[in-house]
Amino acid sequence: MGEIEIPQFFICPISLQIMKEPVTTLTGITYNRESIEHWLLTSKNCTCPITKQPLPRSSEFLTPNHTLQRLIQSWHSTNSPSSRISIEKSKLEKLVKNLDHEAIQKLHTLALEDEGTKTCLVEAGVAKAIIQKVIIKSFFKQGRNRMKIVEAKAVTELIDLALEKQEKNQTELIFTLLADLCSCADGREQFVRHAAGIAVVSKRTLRVSATTDDRALQIFCLISKYCGTHEFVQEMLRVGAVSKLCMVMQADCASYLKEKARGVLRLHSNVWNDSPCIQVYLFTRHQR
C-alpha cells in the first residue's frame, strides 16, 4: 500500500496481510478465515496461534467479524488507488507460459505483495496453469503410472491445492486425480500422512458439485476400507468427516451417493455409534 499506514488490527496475525474475511475464534482472537482454517487443518496441536489455548479443529466455531470487515472495506475504498497495477500483465503471462519450479516460486512471491497482484494472478490463469502443467501434464506423461505419480508427491500437492479456493472445475479435477491415486496403496499412505487430507475432503463435500461429492466419497471408501486404523477413524470423527457423511445421508443428492456414505459409516460403526452426530437408524433404516 505504498507509504499509507495500515491499521494494525487489520493485519492477520498468521499471514501478516490485510484480512479479507476476518473471523474470531473461541479465544477471542481475529484472523483471516483462510489463514486460520489452514492452520487448524494442518497444525498437529490444534491451538490458537496467539494464546496457545486449545481450539476445535472444525471451522464451524469461527465467527465472522462483520464490523471489522466493513472497516477494512471502507479503508480500502479510501486508500487503494484504482489505477495501481502491481505487475505488468505481459510479465505474468510469460511466467505462466514457461511454468517451472523457479517460475512457481516467483509467482508465489508476487502473490504475497498485495491484493492487486493477486487479482492479476487470477486473471492470468495462474492457478489453472499450475494444476494443468504441474499435475495433469505429468500425470498423463507417465502413462497414468500411479506409482511414479505418487513418488513425485502428487497426492500431497493435490491436497495442498485443494486447501486453496479453486474454481468448480478445478476442484472437480483435483478430486478426480486424488480418487484415482488413492486406488493404490502408496497413494493412500501419502493421503493419510497429510495432516489436512481427511479434513479438506470433508470440507469440500456437499459444497462444490455432485462430481466432487462422488470423488470425495470414493476417497473415503478407499481410505476407510484399507487404512482404517484407530487413529484414522478417530481423526475422521474429530475433523467432522463423520458428521459430513451423516449430512450426505440426509441431503437431497443421488441415492448412490447416500449408499456410498452408508457403506463408510457401517465400516466403523462400532467406533462411531456413541458419537452425538451418529444416530443408530443411519445404519439400519431402509433407504428412502
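Tutor: In what follows, Ala, Val, Leu, Ile, Met, Phe, Trp, Tyr, Cys and Pro count as nonpolar, Asp, Glu, Lys and Arg as charged, and the others, Gly among them, as polar. The structure discussed here is a predicted model.

Student: By class, how many residues of each kind does the lining of the second largest pocket have?

Tutor: This pocket has a volume of about 450 Å³, and 23 residues line it, with S58, S59, E60, V239 and G240 lying nearest its centre. Helix 1 (33-42), helix 11, helix 13 and helix 14 each give two or more residues to that lining. Sorted by class, the lining of the second largest pocket comes to 10 nonpolar, 6 polar and 7 charged residues.

Student: How many residues of the lining of the largest cavity are charged?

Tutor: The structure holds 1 cavity of 30 Å³ or more, and the largest cavity has a volume of about 30 Å³. Its lining is made up of T25, L26, L40, L55, P56, S58, F61 and L62. Of these lining residues, 6 are nonpolar and 2 polar, and the number of charged ones is none.

Student: Which element gives the largest share of the largest nonpolar core?

Tutor: That core has 47 residues, and F191, I198, V201, I219, F220, M236 and L245 have the most contacts inside it. Two or more residues come from each of several elements, including helix 7 (146-151), helix 8 (154-163), helix 9 (168-181) and helix 12 (210-226). The largest share, 7 residues, is given by helix 8.

Student: Which residues is L245 in contact with, leaving aside its neighbours within four places in sequence?

Tutor: L245 is one of the residues with the most contacts inside the largest nonpolar core. Once the neighbours within four places in sequence are left aside, the contacts of L245 are L217, F220, M236, A261, V264 and L265.

Student: How many residues does the other core have, the one that lies apart?

Tutor: Among the residues of this other core are V23, I36, C46 and L68. The core lies apart from the largest one, and its number of residues is 16.

Student: Why is the sulfur of C184 in no bond with the closest cysteine sulfur?

Tutor: The structure holds 0 disulfides, although C182 counts as buried because its relative accessibility is 0%, and C184 is likewise buried, with a relative accessible area of 13%. A disulfide needs the two cysteine sulfur atoms to be within 2.5 Å. The closest cysteine sulfur to that of C184 is in C182, and the bond is therefore ruled out by a distance that is too far, namely 7.9 Å.

Key
Residues numbered from 1 in each chain as written. Predicted model: local features only at pLDDT ≥ 70, side-chain atom pairs only at ≥ 80, totals over all residues. Heavy atoms only, no water. Core = buried A, V, L, I, M, F, W, Y, C linked by side-chain atoms within 4.5 Å. Buried < 20%, exposed > 50% of the residue type's maximum accessible area, 1.4 Å probe, protein only. Helix = DSSP H or I, 4+ residues; strand = E, 2+ residues; numbered from the N terminus. Contact = heavy atoms within 4.5 Å. 1 Å grid on protein atoms, 1.4 Å probe; cavity = no way out; pocket = protein on both sides within 12 Å on 5 of 7 lines; lining within 4 Å. Points joined across faces, edges and corners; volume = space filled by probe spheres on them.
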